[in-house]
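Let's take a walk through this fold, starting from one residue and working outwards. Have the sequence and the model open side by side.

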Amino acid sequence: MSTRDETFRPLSRRTLLGGLAAAPLGLAASRAVAQGQQASGPIRIGELNSYGRMAAFAVPYRNAMQLAQDVVNKAGGIKALGGRPIEIVFRDDGSTPGDATRVAEELLTRENVAFLCGTFLSNVGLAVADFANQRKALFLATEPLTDALTMGSGNRYTFRVRPNTYMQTRMLVDAVKDRGVKRWAIVAPNYEYGQSAAANFKKLMAAAVPGFEVVGEQFPALGKVDAGATVGALSQMKADGLFNVLFGADLTAFVREGNTRGLFEKRTVASLLTGEPEYMIPLGDETPEGWVTTGYPWETIEGNGHKEFVAAYRARFNDTPRLGSLLGYVVVGMIRDMLEKAGSTETEAMITALEGLTSQTIAGPVTMRALDHQSTLGAWIGETALNGRQGTMKNVRYADGANYMFPEAEVKAARKA
């Protein structure tokens, strides 16, 4: 790659100046000097994630963050702060709330990071969000999908990048509501994300499909699915549709057993996350065909500099990108834009810059809604298919997250409560 910022979309005047009224960029830089923020050293960013337990997602995510960090720094760093480079400090969050809050504390106090980002599991993300609120430190939650993070448990210091559980479930409901399927069964991991997805599905389908009913549910423990028992129980429910929320190793075991027993034959399956390469690659030629799913068909996406990103990622890591890769790259671009707009690493300045910020990303424009600190990043919707011995997606469209967010009245009611 050249030293030019080729794979990020270029910063627009609107992105740089939005939220700063008519103040010129030079004023933002002058303000940073006055606040003592324009040091010569790098801007350190604390990133904590489940690199051990959820490596299939988290390692490609980290790879892309490192790639994006280099793109930013080779292009001159954060210009509003005198060209300071960014330096991401990566730590494993231990995949538990207790470990994650300890790591977050260490990043702030020992590593002297300007703010925190990351986490994967919903319960971990909620714990770090509460910690950030107590410490009055900015936390950019990148992966946890729990609705509570930006709804009832939302706070001034926490922002979220990925489309939440409600948004992705609503995308799937839109895709299956006209198929005439009324009797559904649900299988989901028994923790906050799975329970929230099931509740959203029932609420949204009841509103969209007259006569909709749930004939049964299965909630296996995360990472401990008994595939035989789960598939057996679902088979007995005689449902015409199946809403699946399992992912990772649980999904692989479930699909293998379901294929063996014919669970998916002549049934409509709506499935969160299955189309993401992290979870589809392990399925290989066992990938069931025709599931309606969210995912990341990286090989077919055009525009917004995405193909250039794929080429750069493959050249550096000798691998194809995952959904985590896309997310990691998008996050660093948003961080860059936030710092350019803020002209400071002071927490209140960064919060003000993030609220309403629009970034031009490899997934298209993404705005951080000021109301609830939820970004408008979307997801790709399509159907699972086989291409030789590997799963892929067909009939794909990009669902803009701006069209699937919680209604403003619901956000205000949840936050007030």
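## Starting from Phe-254

Phe-254 touches quite a crowd: leaving out residues up to four places away in sequence, its contacts (heavy atoms within 4.5 Å) include Val-187, Leu-242, Asn-244, Phe-264 and Trp-291. Bear in mind that this is a predicted model, where local features need pLDDT of at least 70, side-chain atom pairs count only at pLDDT 80 or more, and totals for chains, interfaces and linings use all residues. Residues are numbered from 1 along each chain as its sequence is written, and side-chain values use heavy atoms, with hydrogens and water left out.

## The core around it

Along with Leu-116 and Phe-243, Phe-254 has the most contacts inside the largest nonpolar core, a set of 130 residues. Such a core joins buried (under 20% relative accessible area, 1.4 Å probe, protein chains only) Ala, Val, Leu, Ile, Met, Phe, Trp, Tyr and Cys residues through side-chain atoms within 4.5 Å. Helix 12 (residues 323-342) gives the most, with 12 residues; helices here are DSSP runs of H or I with at least four residues, strands are E runs of at least two, and both are numbered from the N terminus.

Domain 1 (43-163 + 301-377) and domain 2 (167-300 + 380-403) each supply at least three residues to this core. Those bounds come from an automatic or database domain assignment.

## The five-stranded sheet

One open sheet has five strands in the order 2-1-3-4-5, with parallel pairing; strands count as paired if DSSP finds at least two bridges between them. Strand 2 (86-92) and strand 5 (158-160) sit at the edges, each pairing on one side only. Strand 4 (residues 139-141) runs parallel to strand 5 over three bridges, and Phe-139 has Thr-158 as its bridge partner in strand 5.

Helix 5 (residues 122-135) packs on this sheet, touching strands 1, 3, 4 and 5, and makes about 165 degrees with the direction of strand 4. Axes are lines fitted to C-alpha atoms, for helices over the stretch in contact, with angles from 0 to 180 degrees between N-to-C directions.

## The seven-stranded sheet

Another open sheet has seven strands in the order 7-6-8-9-10-13-14, and its pairing is mixed. Its edge strands are strand 7 (213-218) and strand 14 (390-399), and neighbouring strands are turned by 30 degrees against each other on average, direction ignored. Strand 9 (residues 268-275) and strand 10 (residues 292-295) run parallel, joined by three bridges; Ala-270 has Val-292 as its bridge partner in strand 10.

Notes
Buried means under 20% relative accessible area, exposed over 50%, partly exposed in between (1.4 Å probe, protein chains only).
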